[in-house]
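User: Please take a close look at one part of this model, the salt bridge and its surroundings. I should like a connected account of the elements that it joins and of the packing around them.

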Amino acid sequence: MAFAEKLKALRLENNMTQEYVAQRMSLARSTIAGYETKNRQPSHEKLSAFANLFHVTIDYLLDDEEPTYITVDETRNLSDDTQNFLIRFRRLPIRSKKELLKVLQNLENQAGLAEDAQEIIPEKI
């Protein structure tokens, strides 16, 4: 997922308007719109500010290879605990996500769910 798509998804997940984000970032709303439509790229300083605003890493914002498995609309149908888990998982850097998946796999092994778990865990995070 490209930066433009991640920015828009994060904004929508957090129920923020372009105007609100623009105000928080000391930018024009049209600048935020430009970032979301791939017409503009933010400076390193603005990337850092976006990461702080959405509580994610800069790596997360820039990593084009990270797929999205569940859409924002789909998360609305999940329990509060599941939504919270997904939000927190998405904030983690790639290395931490891989470590967490290993811990989950160990817990599944202990619970006798190991065979089912292999189907869920993606090879590429």
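Analyst: The side chains of R11 and E36 form a salt bridge, with an N to O distance of 2.5 Å; the term denotes a side-chain nitrogen of Lys or Arg within 4 Å of a carboxyl oxygen of Asp or Glu. The pair joins distant parts of the chain, since R11 belongs to helix α1 (residues 3-13) and E36 to helix α3 (residues 29-36), 25 residues apart. One salt bridge is found when the whole structure is searched.

The model is predicted: local features need pLDDT of at least 70, side-chain atom pairs count only at pLDDT 80 or more, and totals for chains, interfaces and linings use all residues. Residues are numbered from 1 along each chain as its sequence is written, and side-chain values use heavy atoms, with hydrogens and water left out. Helices (H or I, at least four residues) and strands (E, at least two) are DSSP runs, numbered from the N terminus.

Both partners of the bridge are buried: R11 counts as such because its relative accessibility is 9%, and E36 because its value is 11%. Here buried means under 20% relative accessible area, exposed over 50% and partly exposed in between, with a 1.4 Å probe and protein chains only. In α1, R11 is listed as buried together with F3, A4, K6, L7, A9 and L10.

The bridge sits within a broader meeting of the two helices. F3, A4, L7, K8 and R11 of α1 contact I32, Y35 and E36 of α3, where contact means heavy atoms within 4.5 Å. The residues of this contact comprise five nonpolar, no polar and three charged. In this division Ala, Val, Leu, Ile, Met, Phe, Trp, Tyr, Cys and Pro count as nonpolar, Asp, Glu, Lys and Arg as charged, and the others, Gly among them, as polar. The axes of α1 and α3 come within 7 Å and cross at roughly 125°, and α1 is therefore oblique to α3. Axes are lines fitted to C-alpha atoms, for helices over the stretch in contact, and angles run from 0 to 180 degrees between N-to-C directions. Angles under 35 degrees count as roughly parallel, over 145 as roughly antiparallel, 65 to 115 as roughly perpendicular and the rest as oblique.

On the α3 side, I32 has 0% relative accessibility and therefore counts as buried. Beyond its neighbours within four places in sequence, I32 contacts L7, Q18, V21, A22, L27 and F50. V21, in turn, touches R11, M16, I32, F50, L53 and F54, with residues up to four places away in sequence not counted. V21 thus contacts R11, a partner in the salt bridge, as well as I32.

V21 also features in the largest nonpolar core, which has 17 residues; F3, V21, F50, F54 and L61 touch the most other members. Such a core is a set of buried Ala, Val, Leu, Ile, Met, Phe, Trp, Tyr and Cys residues joined through side-chain atoms within 4.5 Å. At least two residues of this core come from each of α1, α2 (18-25), α3, α4 (44-54) and α5 (58-62), and α4 gives the most, with five.

Finally, the loop between α2 and α3 holds S26, a residue other than glycine with a positive phi of about 60°. S26 counts as exposed because its relative accessibility is 65%.
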